[in-house]
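Q: Here is a model I would like to learn to read. Can we go through its features one by one?

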Amino acid sequence: MVPIKSSEITPEHIYLSRRKFLQAAGLLAANAALLAACGRQPVPLSTGTTTPGAVPALGEGTDELGNALTSLESVLGYANYYEFTLNPNGVARLAQGFSTSPWQVAVGGLVNQPKTFDIDDLRKFEQEERIYRMRCVEAWAMVIPWFGFPLSRLLKEVEPLSTAKYVRFETIYDPDNMPGQKDRSFPWPYVEGLRLDEALHDLTLLATGLYGQDLQPQNGAPVRLVVPWKYGFKSIKSIVKIDLVEEMPQSLWLVTNPREYGFWANVNPKVPHPRWSQATERRIGENGRRETLFLNGYADEVASLYPDLDSRDWYY
Ligand code: MTE
């Protein structure tokens with residue numbers, strides 16, 4: 001995000017040939033069967049339009065507003081993950097083979113029952129499918145069928161204390177295997193935060209997969225946050241630590257560039273980024289631009305979290 005070159009926001013040119021499409025669809029069906037066999041069949045969110053019990057295949061299903069899903073190839077092929085590279089088209093190649101097993105997530109801080117979860121413990125939480133719009137602060141967007149479970153379920157298990165006001169998340173620090181972490185201009189590891197009530201909101205998801213497959217490294221394997229009404233940089237990848245804290249966490253972006261990437265980062269078409277408008281967005285895989293939706297289209301669900309919605313403060 002810093003620095004941003006317009007050349008980095010290039011149009012997506014990845015289209016599946018019909019043959020590839022059919023191959024991929026077959027693969028997904030096989031994957032869905034495997035998931036069911038492991039007892040991990042995702043439960044669809046009522047707002048989506050996929051068949052109950054089914055993982056949406058390529059070209060099938062929409063979000064609750066009727067938006068088509070972004071193709072699997074685009075979701076895998078175009079990613080923001082600065083621990084690997086600043087080039088969204090280069091992440092998948094550099095992240096290939098990044099080891100995400102074994103993996104543990106330590107949950108602690110201001111809680112009664114601190115606990116370290118193996119990734120397999122996290123997969124035992126009942127997994128649901130959630131089709132969410134993802135809006136990057138750089139004005140590109142996707143529609144992604146995640147699966148995972150609400151973060152609130154994990155937080156309830158550790159029993160937050162009444163002094164806990166925020167949740168702080170941390171990505172793995174592994175500079176030997178993440179070339180971008182050798183870049184000293186960022187205060188690694190990547191850190192993000194939410195206010196506790198945002199973290200407990202039912203839309204806030206801990207995702208372990210998408211399109212019926214386990215997450216790939218470039219999308220934040222093996223577990224990442226998804227907060228669909230906020231700009232994408234809040235949706236921190238490859239989490240190893242979650243702490244309940246009293247003070248607002250100092251995210252990587254607050255430390256690096258607080259003028260451009262604030263703590264709240266709620267999507268608002270009327271509040272421009274200091275260097276570009278947020279009024280429209282480029283949906284990956286589509287030509288032209290669409291109007292950005294207030295709170296990314298989730299205002300009915302989350303507007304009540306924020307008093308005085310007109311205050312600019314909530315949107316950067
Ligand atoms: N998490 C970490 N650890 N490092 C990152 O660079 N990029 C963020 C977010 N999470 C990022 C991260 C940004 S800017 C966006 S838009 C989303 O991840 C992109 O998620 P995706 O690549 O899976 O679409």
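Q: In which loop does Ser238 lie?

A: The model is a predicted one. Ser238 lies in the loop between β10 (224-226) and β11 (239-245).

Q: What is the sign of phi at Ser238?

A: Most residues other than glycine have a negative phi. Ser238 is not a glycine, yet its phi is positive, at about 45°.

Q: Which peptide bond leading into Pro102 should I look at, and is that bond cis or trans?

A: Most peptide bonds are trans. The bond from Ser101 to Pro102 is cis, with omega near 0°. Pro102 belongs to the loop between α3 (91-95) and β2 (104-109).

Q: And the bond from Trp188 to Pro189, cis or trans?

A: That bond, from Trp188 to Pro189, is cis, again with omega near 0°. The loop that holds Pro189 runs between β6 (166-171) and β7 (191-195).

Q: How many salt bridges does a search of the whole structure find?

A: A salt bridge is counted when a side-chain nitrogen of Lys or Arg is within 4 Å of a carboxyl oxygen of Asp or Glu. On that basis the search gives 18 salt bridges. One to inspect is formed by the side chains of Glu64 and Arg133, with an N to O distance of 3.0 Å. This pair links distant parts of the chain, its members being 69 residues apart: Glu64 is in the loop between β1 (43-44) and α2 (72-77), and Arg133 is in strand β4 (residues 128-135).

Q: Turning to the ligand, which residues around the ligand come nearest?

A: The ligand has 18 residues around it, and those that come nearest are Tyr82, Glu83, Arg224, Ser235 and Lys237. Sorted by class, the shell has 10 nonpolar, five polar and three charged residues.

Q: What lies 3.0 Å from a nitrogen atom of the ligand?

A: Polar contacts are read as pairs of N or O atoms within 3.5 Å. For the nitrogen atom, the partner is an N or O atom in the side chain of Thr171, at 3.0 Å. An oxygen atom of the ligand lies 2.7 Å from a backbone N or O atom of Tyr82. Asn219 places a polar side-chain atom 3.0 Å from an oxygen atom of the ligand.

Q: How much of the ligand's exposed area does the protein bury?

A: Alone, the ligand exposes 540 Å², and the protein buries 99% of that. The space taken by the ligand is the largest cavity.

Conventions. Residues are numbered from 1 along each chain as its sequence is written. This is a predicted model: local features need pLDDT of at least 70, side-chain atom pairs count only at pLDDT 80 or more; totals for chains, interfaces and linings use all residues. Side-chain values use heavy atoms; hydrogens and water are left out. A residue is near a molecule or strand if one of its heavy atoms lies within 4 Å of it. A polar contact is a pair of N or O atoms within 3.5 Å; within protein, one must be able to donate a hydrogen and the other to accept it, and residues adjacent in sequence count only if both atoms are side-chain atoms. Accessible areas come from the Shrake-Rupley method with a 1.4 Å probe; for residues, only the protein chains shown count as cover. On a 1 Å grid over the protein atoms alone, a cavity is a set of points where a 1.4 Å probe fits but cannot get out, and a pocket is an open set with protein on both sides within 12 Å along at least five of seven lines; lining residues have an atom within 4 Å of a point. A molecule sits in a cavity or pocket if more than half of its atoms lie within 2 Å of its grid points. Ala, Val, Leu, Ile, Met, Phe, Trp, Tyr, Cys and Pro count as nonpolar, Asp, Glu, Lys and Arg as charged, and the others, Gly among them, as polar. Helices (H or I, at least four residues) and strands (E, at least two) are DSSP runs, numbered from the N terminus.
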